[in-house]
Amino acid sequence: MATASTLIDDPELAEATAYWLTQGGDTRLQLDAQGLNLYGCPSRPDPGLIALGSSTASVVSARGFEAASRLMLRLGADPGCWPGEVDRVRAELLALSGADQVPGTQVVLSASGTDLHLIASQLLADGDETAAPLQALMADPAETGSGVPKALAARHFNTRSAQGATVVPGLALPGSAMEAPRTVALREMDGRPRAVEQIDADFTAEAERILRAGRRCLLVLVDVSKTGLVAPSPACALRLRHRWGERLEVLVDACQFRLAPESVAACLRQDFGVALTGSKFLGGPVFSAALLLPPALAARARRRPLRSLRAYSARGDWPRSWPGARELPGSPNPGLLLRWEAALAELRRLREVSQAAVSGFLREWGDAVSARLTDDPVFEPLPVTPLARSRDWRTRGVDTASWDLQPTIFPFLLRRREGPSWRPLRPEEMAWLYRQMREPQAGERVPLLAQLRFQIGQPVVCGVRDGQALTALRLCVGARDISAATAGARGTAEALTQARLALDKLAWLISRL
């Protein structure tokens, strides 16, 4: 049997694995002349890159790439094992995510989180022409994803679909005629987070407006957003569901996958669908997503035809017993399977760490990053409301000490002195800094820290100040950091040092503007 070092050193196997990791998605997976996809990630491990940007996307780890390569070998030796491997990945995801705590939960695999929103919109739209139409209600797209509003309206969001079809962005899927989703702002115009009570009140009012107009509502609860927010609160979603019953469906957009298993199970127990991806917090390669459907929701969705999803989904992405899957292409999607295999390698490792150890590390890491952001005037931390998910679920079996109470995304503005005051950097300056963080800086007087390469969260629009748009960069901690830091005595110290060095390099780069 091939050893790990043999797999890594096998150029033909590595080339094949890297190729297939870029297949089975839309144009966001395409590599540019530098070998990077739209998110700046290569299709192979990049050991020289310090990854602190998992809120945007992640570069495949050596562990994940090795796991994908082993699966490549199995598929090459026995192509007929494909269906069994898909079933294994689906079963393992159920067990490791916490979804197996709710027996009967079904898993639908998908290329991306955006694809999942489109699939969910079709699954929950009743196929009966006499039924009330469905309209989605979501957080501000700046906090989720630019393609999500189109996806939730059952419209194409890219020029190419996950199944390789050429499509027209904005054009409705065949047989679909859904309204654009309603949206709720999560931040004030100056970037401060709005009060949870105000956000919940707006979600409630918008949901009631949709329902009283004779439509059904798909409420999308984002947990967590690009800048680390949860909205609406789980308590608000529960109130609305109890009031309106099945006229209001809830989809938890947990595509960042920053949820402990107990929280995933708690969502499913309330009959909420849960959308996950393996390409952010977990550190898997870009484009691996899964929709968890609790038993009652799955039973309602099973009656929905899937013809309209032929450009986005294949038969193997669905449970074998799903009736509508017969209408989908039968060809396999090796790229999607390999990407999930790589992500699960990191999820297995994370689940070996005790919840207390995870919480302790996240607290220490967060305190160190917060202190550095607060102590230097070139940084302005972007406020984030406390994560309240465990408080909302505590009467439903969730440990109130769950690690997912700890923040893992730290957004911040950058400033430079102009005369007596400090000015937030313009969006183009923030974009330049984001790119330069990945590049080693050269020159006679360049400090060693500037030669390090960092991946941080790309700029996200968060408000306006003095007529100027504000964008925030993000420093993130992910599953790989947790697993490495808790594996040895020096792991935590190294993780804290890397985070501080990333902020030090940013401060140095600002001095060069």
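Pro232 sits in the loop between β6 and α8 (234–244), where helices (H or I, at least four residues) and strands (E, at least two) are DSSP runs, numbered from the N terminus. The peptide bond leading into it, from Ala231 to Pro232, is cis, with omega near -10°. The model is a predicted one, so some filtering applies: local features need pLDDT of at least 70, side-chain atom pairs count only at pLDDT 80 or more, and totals for chains, interfaces and linings use all residues. Residues are numbered from 1 along each chain as its sequence is written, and side-chain values use heavy atoms, with hydrogens and water left out.

Another cis peptide bond turns up between Asp223 and Val224, with omega at about 5°. Val224 belongs to the loop between β5 (216–223) and β6 (230–231). The backbone also has positive phi values outside glycine. Phe257, in the loop between β7 (248–254) and α9 (261–269), has phi near 60°. Phe257 has 1% relative accessibility and counts as buried (buried means under 20% relative accessible area, exposed over 50%, partly exposed in between, with a 1.4 Å probe and protein chains only). Asp466, with phi of about 50°, is found in the loop between β13 (453–465) and β14 (468–476). Unlike buried Phe257, Asp466 is exposed, at 81% relative accessible area.

Helix α2 (residues 11–20) has a clear sidedness. Its buried residues are Leu13, Ala14, Thr17 and Ala18. They sit on the same side of α2 because they cover an arc of only 130° around the axis, the arc being that of the directions from the helix axis to the C-beta atoms. The face turned away from that buried side carries exposed Pro11 and Glu12. At the N-terminal end of α2, Asp10 acts as a cap, with a side-chain oxygen 3.2 Å from the backbone nitrogen of Glu12 (a polar contact is a pair of N or O atoms within 3.5 Å; within protein, one must be able to donate a hydrogen and the other to accept it, and residues adjacent in sequence count only if both atoms are side-chain atoms).

On to the charged side chains. Side chains of opposite charge can pair when their charged atoms come close. A search of the whole structure gives 37 salt bridges, each a side-chain nitrogen of Lys or Arg within 4 Å of a carboxyl oxygen of Asp or Glu. One of them joins Arg187 and Glu143 at 3.3 Å, N to O. Arg187 is in the loop between β4 and α7 (196–212) and Glu143 in the loop between β3 (134–139) and α6, so this pair ties together parts that are 44 residues apart in sequence. Both partners are buried.

Asp202 and Arg194 form another salt bridge, with their closest N and O atoms 2.8 Å apart. Here Asp202 is partly exposed at 30% relative accessible area, while Arg194 is buried at 14%. Within helix α7, Glu206 and Arg209 lie three residues apart, about one turn of the helix, and their side chains meet at 2.9 Å, N to O. Glu206 is buried at 14% relative accessible area, and Arg209 is partly exposed at 47%. Elsewhere, salt bridges with shared partners join Arg74, Glu85, Arg88, Glu92, Glu341 and Arg348 into one network.

The aromatic rings come next. The count is six aromatic pairs (rings of Phe, Tyr and Trp, the last by its six-membered ring, pair if their centres lie within 6.5 Å; planes under 30 degrees apart count as stacked, over 60 as edge-to-face and the rest as tilted). Among them is the tilted pair of Phe157 and Tyr312, 5.7 Å centre to centre with 35° between the planes. This pair links distant parts of the chain, 155 residues apart. Phe157 is buried at 14% relative accessibility, as is Tyr312 at 3%. Phe281 and Trp403 make a stacked pair, at 5.4 Å and 15°, and bridge 122 residues. Arg302, for its part, lies over the face of Trp322, 5.5 Å from the ring centre (the rule wants NZ of Lys or CZ of Arg within 6 Å of the ring centre and within 35 degrees of the ring normal).

As for cysteines, the disulfide count is zero, with a cut-off of 2.5 Å between cysteine sulfur atoms. The sulfur of Cys267 is 13 Å from the closest cysteine sulfur, in Cys255, too far for a bond.
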